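Trainee: I would like a close look at a single part of this model. Please begin with the enclosed space, and then show me how its surroundings connect to other places in the chain.

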Amino acid sequence: MKNIKLRVKSAIILFAILIPFLFTTYFGKTSGKIIGISFFSVISVWATYEVLSHSILKRWENIFLSIISILIWAFPLDWYANNPSDVNTFVSMAQKTGFNIFELTQQIKKTIFFGYNQIANFGLIQFSLILTIISLFYLINLFLLKRTFKEFIISYIVAVFATWFIPLSFKALFLYNSASLYFVFAVVSIPVITDSTAYIGGSLFGRKLIKVGMAPKISPKKSWEGGFIGFAFGSLFVFITMYLGFLTNNQTFTIFTNWKQLVVGMFLLPFVSIIGDLVFSLIKRLYGIKDFSNLIPGHGGYMDRFDSTSFVVIATSAILFI
């Protein structure tokens, strides 16, 4: 009971901090977008450090690698170009309050899926730089640290994944927030509904039909029954939040605009929500830790709470191109 009270109290404090920034990012036009991009990027650096801090590298090396994850935000350079006539630039986006799903899709295409950088004259520049820097750090430490090859490989793969994927997911979340408060609500709520109903379903029916757990070595408490129930309710929630606006011809609540997106979304989004939870649970298992940090009392760190959300926001972004 004491732990539940602590979790509720921490959640209330967390939302009290986040909500003003969400509203500022959406309503604030240029100044709001600058505050928003600063806020989301700082959180992404911290979230990246939460994961990297448990690697085999020294603390200062993990801090440095976490900071270079900001490269995901810095590129493409031409996104920041002062060209208001280009609808795909940050300047154009920042001049108005909110934009529709088609404009959001163009922003995502430019900034999330590594569009060609016209100023730098290079594609995939941010990922290439991050991969090169991380590889150099690990190559040097290969001869300095007395660790097994398996430990090096695990730590290296996790570092590349975290330093690229985590800031990319927060950057996508920033774009959804800039476009619509409803969009960011829908994306964040899918893993909440999926995980919550999976937990309730697992508590009531777990291992009644299928005795073997879903992933006993990664997350022993997860059951197949809970997973199926979470998937079913998650799919229903995707239909309501992502497609009902299109059926009722209400653009404000429209995210998916054709039946192909709907079908893929109803199957993929609850699935990746579960997978996202398992992936970050696997990382914690490999590092022998319970939580990534104790930043949020009773909950752990940012990536203990936003693990599933990071996968859902990237998957939703990909579905928009179907």
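Mentor: The largest cavity has a volume of about 40 Å³. This is a predicted model, and what follows describes that model. If a lower limit of 30 Å³ is set, the structure holds 1 cavity.

Look at what surrounds the space. The lining of the largest cavity is made of Ser169, Phe170, Leu173, Phe306, Thr309, Ser310 and Val313. Two helices, α8 (149-179) and α13 (307-319), each give at least two residues to this lining. Sorted by class, the lining has 4 nonpolar residues, 3 polar residues and no charged ones. The serines and the threonine in the list are polar, while the phenylalanines, the leucine and the valine are nonpolar.

Now follow each of these two helices outwards. Start with α8, which spans residues 149-179. Lys171 and Leu175 fall within that range, and both are in contact with Thr111. Thr111 itself sits in helix α6, residues 101-111. Is Thr111 buried or exposed? Thr111 counts as buried because its relative accessibility is 0%, and the cut-off for buried is under 20%. Beyond its neighbours within four places in sequence, Thr111 also contacts Pro76 and Trp79.

Pro76 deserves a stop of its own. Pro76 is in the loop between α4 and α5. The peptide bond that joins Phe75 to Pro76 is cis, with omega about 0°. Most peptide bonds are trans, and that is why a cis bond is worth pointing out. Residues 64-81 are one of the spans that the unreviewed UniProt entry annotates as "transmembrane region". In the model, that span is 50% helix and 0% strand, with its end C-alpha atoms 27 Å apart. For contrast, take residues 226-247, another span with this annotation. Residues 226-247 are 100% helix and 0% strand, and their end C-alpha atoms lie 30 Å apart.

The loop between α4 (71-74) and α5 (90-94) also holds Asn83. Asn83 is partly exposed, because its relative accessible area is 33%. From Asn83 to Arg285 the separation is 202 residues in sequence and 47 Å in space, C-alpha to C-alpha.

Go back to the cavity and take the other helix, α13, residues 307-319. Ser308 and Val312 fall within that range, and both touch Ser273. Ser273 belongs to helix α11, residues 259-287. Its relative accessible area is 0%, so Ser273 is buried. Pro191, Thr194 and Asp195 also touch Ser273, when residues up to four places away in sequence are not counted.

Helix α11 leads on to an open space. The second largest pocket has a volume of about 170 Å³. Two or more of its lining residues come from each of β1, α10 (224-247) and α11. Among the lining residues are Met214, Ala215, Trp224, Phe231, Phe271 and Ile274. By class, this lining divides into 9 nonpolar residues, 1 polar residue and no charged residues. No charged residue appears in the lining of the largest cavity either.

Strand β1 needs a word, since you have now met it in the pocket. Strands β1 (residues 213-215) and β2 (residues 219-223) pair in the antiparallel sense, over 2 bridges. Gly213 has Ser223 in β2 as its bridge partner. The connection from β1 to β2 is a hairpin of 3 residues.

Helix α10 also leads somewhere. In the loop between α10 and α11 you find Asn249. Asn249 has a positive phi of about 60°, although it is not a glycine. Most residues other than glycine have a negative phi, so a positive value stands out. Asn249 is exposed, because its relative accessible area is 73%. Lys29 is another non-glycine residue with a positive phi, here about 50°. Lys29, however, lies in helix α2, residues 29-52, and is partly exposed, with a relative accessible area of 41%.

To retrace the route: the lining of the cavity draws on α8 and α13. Residues in the range of α8 contact the buried Thr111, and residues in the range of α13 touch the buried Ser273.

Key. Residues numbered from 1 in each chain as written. Predicted model: local features only at pLDDT ≥ 70, side-chain atom pairs only at ≥ 80, totals over all residues. Heavy atoms only, no water. UniProt positions renumbered as here; feature names shortened; annotations may be inferred. Helix = DSSP H or I, 4+ residues; strand = E, 2+ residues; numbered from the N terminus. Buried < 20%, exposed > 50% of the residue type's maximum accessible area, 1.4 Å probe, protein only. Contact = heavy atoms within 4.5 Å. 1 Å grid on protein atoms, 1.4 Å probe; cavity = no way out; pocket = protein on both sides within 12 Å on 5 of 7 lines; lining within 4 Å. Points joined across faces, edges and corners; volume = space filled by probe spheres on them. Pairing = 2+ DSSP bridges.
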